Amino acid sequence: VTDDKDKRLISTLLETYVCPDILSPSYTFSSRPEYFCSNAETREEWLEFIRNLPVTAGPEVFGLHPNANISVAVREARQLVHDITTLIPQAGGGDTEADSTLTLAQQAEAATPELFDEAYVAGRFPIRYEESMNTVLVQEIERYNRLLSRMRVTLADFQKALKGLVVMSEDLESLGHSLVEGAVPKVWEAYSFLSMKPLPSWLNDVKARVTFMRRWINGGKPATFWMSGLYFPQGFLTGTMQNYARKHHIPIDRITFTFDFAHSMNEPLEHPEDGCHVSGLWLEGARWVLSAQRLDWSHPKQLFTPMPVVTFLPMPEEMAERRDTGVLYACPTYKVVSRAGALSTTGRSTNFVQMIDVPSGPFSTSVWTKAGVAIFLSLPD
């Protein structure tokens, strides 16, 4: 148990197995009728009850969607491919291997975007008390420049090392192995945003993120923010709250987020009066029913489903409590699907972003808690 999400899950599971309803003959622990509390008394009766249980417990026994089997199989297959790749001999390729690696390095260098002009961005978006998004943008640009600079320097040095112009260091050798394996080099990870993508998809993601930032710089604050393209979305959300607090002269610690969901998959063309429109969110463990504006079970073999644009609307806590929005599931939002991250100075995981209150529909919130329903900013592929 490492955080409040773990505690919530454990409490929900305990409520399933330790409750007054367990005494009812019709009560089952899951949707499978064979999982119930037996009224057996003798040892032989209990053994017979156990023998009649299925040999293999499906994911629905634990409250998960059957798609969980696919997720496990995909994860195991990726790990197997990774393990096989690491067993491939790294030496003995000669000139042919060096030429091939050099080509990969040149392709990666060509795919690396140009650095941002930090001085221009700081001048165009100066620090202003009433607009915290300027500070958010400048900080994001600085983070991207550190990554892009590191990529360009190491790729240039690696190509020189292959030609014998500089010493092939341990870091550069590791860079070459990662290029061949299609993995993000470790010399970049320390400067990179959190990601589980292989190198080709990661490079495309870098390009898309930089494009989003350049569109913000050239066109001004966007009507809809692609939150997946931010290094530090937590800082972006704090900036949104700061704008509201300063505009309405309310202490920021008395403000909370409420959430509205678009009725179509199209992005709004105008800014909201308060708060922000956010896109780029993906749902796992359930799907979003656009017409009914609520959660429902996922379709078979559909592991992730896109969310519509979500409006993050700050408001005083007492006003948020008076909103009549029905039963809401506090859905954890993460950067990547591993749901794991290092513990930050704030006491929260670096992977965790924000709880988003999502209409639960006809289902109780415990259903989605046991199903592990969560929202993500980035997918593995």
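This passage describes a four-stranded sheet in a predicted model, with attention to strand 3 and its partners.

The sheet is open and consists of four strands in the order 1-3-8-2, with mixed pairing. Its edges are formed by strand 1, residues 224-226, and strand 2, residues 255-261, each of which pairs on one side only. From one strand to the next, the twist averages 35°.

Strand 3 spans residues 276-279 and runs antiparallel to strand 8, residues 310-316, to which three bridges join it. Two positions of this pairing can be named. C276 has F312 in strand 8 as its bridge partner, and V278 stands opposite V310 of strand 8. Strand 3 also pairs with strand 1, in this case in the parallel sense and again over three bridges. Here T224 has H277 of strand 3 as its bridge partner. The mixed character of the sheet is thus seen in the antiparallel run of strands 3 and 8 and in the parallel pairing of strands 1 and 3.

In a regular strand, side chains alternate between the two faces of the sheet. In strand 3, C276 and V278 point one way, whereas H277 and S279 point the other way. C276, V278, H277 and S279 are all buried. Of the residues pointing one way, C276 is the bridge partner of F312 and V278 lies opposite V310; of those pointing the other way, H277 is the bridge partner of T224.

How values were computed. Residues numbered from 1 in each chain as written. Predicted model: local features only at pLDDT ≥ 70, side-chain atom pairs only at ≥ 80, totals over all residues. Heavy atoms only, no water. Pairing = 2+ DSSP bridges. Helix = DSSP H or I, 4+ residues; strand = E, 2+ residues; numbered from the N terminus. Axes fitted to C-alpha atoms, helices over the stretch in contact; angles between N-to-C directions. Buried < 20%, exposed > 50% of the residue type's maximum accessible area, 1.4 Å probe, protein only.
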